[in-house]
Amino acid sequence: MSVHDDITAVQRCLDDLDRSLSRLEHQLGRGGLEIRRVRLDAAHLRESVALLRETATAPAAPHRPDLVTISDAPYDISLWTDSDDEGLGARDRRAP
């Protein structure tokens with residue numbers, strides 16, 4: 001099965017769920033918190049399937065990370081004049 005067929009099958013199941021919930025609402029009444037929660041969950045599922053359908057039909061472009069060129073030239077020594085050596089502290093002070 002293709003992705004489109006699978007999404008269509010899920011959509012049909014959601015339609016069946018909606019019909020079943022309508023029958024339950026008719027039997028139990030609309031006032032119950034539980035039926036409202038299930039209706040809300042079903043609506044969220046329907047929205048999620050719609051998003052899946054959109055992403056499945058859109059062509060996926062391969063994501064390539066941006067390349068960063070690192071120079072082979074030595075770094076400027078002034079970059080480290082105020083830095084601390086890890087675990088040793090500053091160069092002009094004694095370690096504790």
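**Exercise 1. Find the side chains that meet in a salt bridge with Glu25, and place both partners.**

Step 1. Glu25 and Arg39 meet through their side chains in a salt bridge, 3.3 Å from N to O. A salt bridge here is a side-chain nitrogen of Lys or Arg within 4 Å of a carboxyl oxygen of Asp or Glu.

Step 2. Glu25 sits in helix H1 and Arg39 in helix H2, so this pair ties together parts 14 residues apart in sequence. Helices (H or I, at least four residues) and strands (E, at least two) are DSSP runs, numbered from the N terminus.

Step 3. Set the ground rules. This is a predicted model, in which local features need pLDDT of at least 70, side-chain atom pairs count only at pLDDT 80 or more, and totals for chains, interfaces and linings use all residues. Residues are numbered from 1 along each chain as its sequence is written, and side-chain values use heavy atoms, leaving out hydrogens and water.

**Exercise 2. Is Glu25 buried or exposed, and what does Glu25 touch?**

Step 1. Glu25 has 12% relative accessibility and therefore counts as buried. Buried means under 20% relative accessible area, exposed over 50%, and partly exposed in between (1.4 Å probe, protein chains only).

Step 2. Leave out residues up to four places away in sequence; Glu25 then touches Arg30, Ile35 and Arg39. Contact means heavy atoms within 4.5 Å.

**Exercise 3. Extend the salt-bridge network around Arg39.**

Step 1. Asp18 also forms a salt bridge with Arg39, with the closest N and O atoms 2.2 Å apart. Asp18 lies in H1 and Arg39 in H2, so this pair ties together parts 21 residues apart in sequence.

Step 2. Asp18 is partly exposed, at 33% relative accessible area.

Step 3. Combine the pairs: Asp18, Glu25 and Arg39 are linked in a network of salt bridges. The whole structure holds four salt bridges.

**Exercise 4. Analyse the salt bridge between Arg19 and Asp16.**

Step 1. The two side chains, Arg19 and Asp16, meet at 2.2 Å, N to O.

Step 2. Arg19 and Asp16 are three residues apart in helix H1, which puts about one helical turn between them. An α-helix has 3.6 residues a turn, so residues three or four places apart point the same way.

Step 3. Both ends are partly exposed: Arg19 at 46% relative accessibility, Asp16 at 40%.

**Exercise 5. Check the span of H1 and find its buried residues.**

Step 1. H1 covers residues 3-28, 26 residues in total. The expected span is 1.5 Å times one less than the number of residues. That gives 38 Å for H1, and its end C-alpha atoms are 37 Å apart, which agrees.

Step 2. Ile7, Leu14, Leu21 and Glu25 are buried in H1. Their cover includes H2.

Step 3. Take Ile7, with a relative accessible area of 10%. Beyond its neighbours within four places in sequence, Ile7 contacts Val49, Leu52, Arg53 and Ala56. The C-alpha atoms of Ile7 and Val49 are 7.1 Å apart, across 42 residues of chain.

Step 4. Look just past H1: Gly29 takes a positive phi of about 95°.

**Exercise 6. Which residues make the nonpolar surface patch?**

Step 1. Val68, Ile70, Tyr75, Ile77, Leu79 and Trp80 make a patch of about 750 Å². Patches are made of residues with over 30% relative accessible area and no salt bridge: like charges are joined within 9 Å, nonpolar side chains (Val, Leu, Ile, Met, Phe, Trp, Tyr) within 5 Å. Accessible areas come from the Shrake-Rupley method with a 1.4 Å probe; for residues, only the protein chains shown count as cover.

Step 2. Tyr75 is in the segment after helix H2 (33-57). Tyr75 counts as exposed, at 61% relative accessibility.
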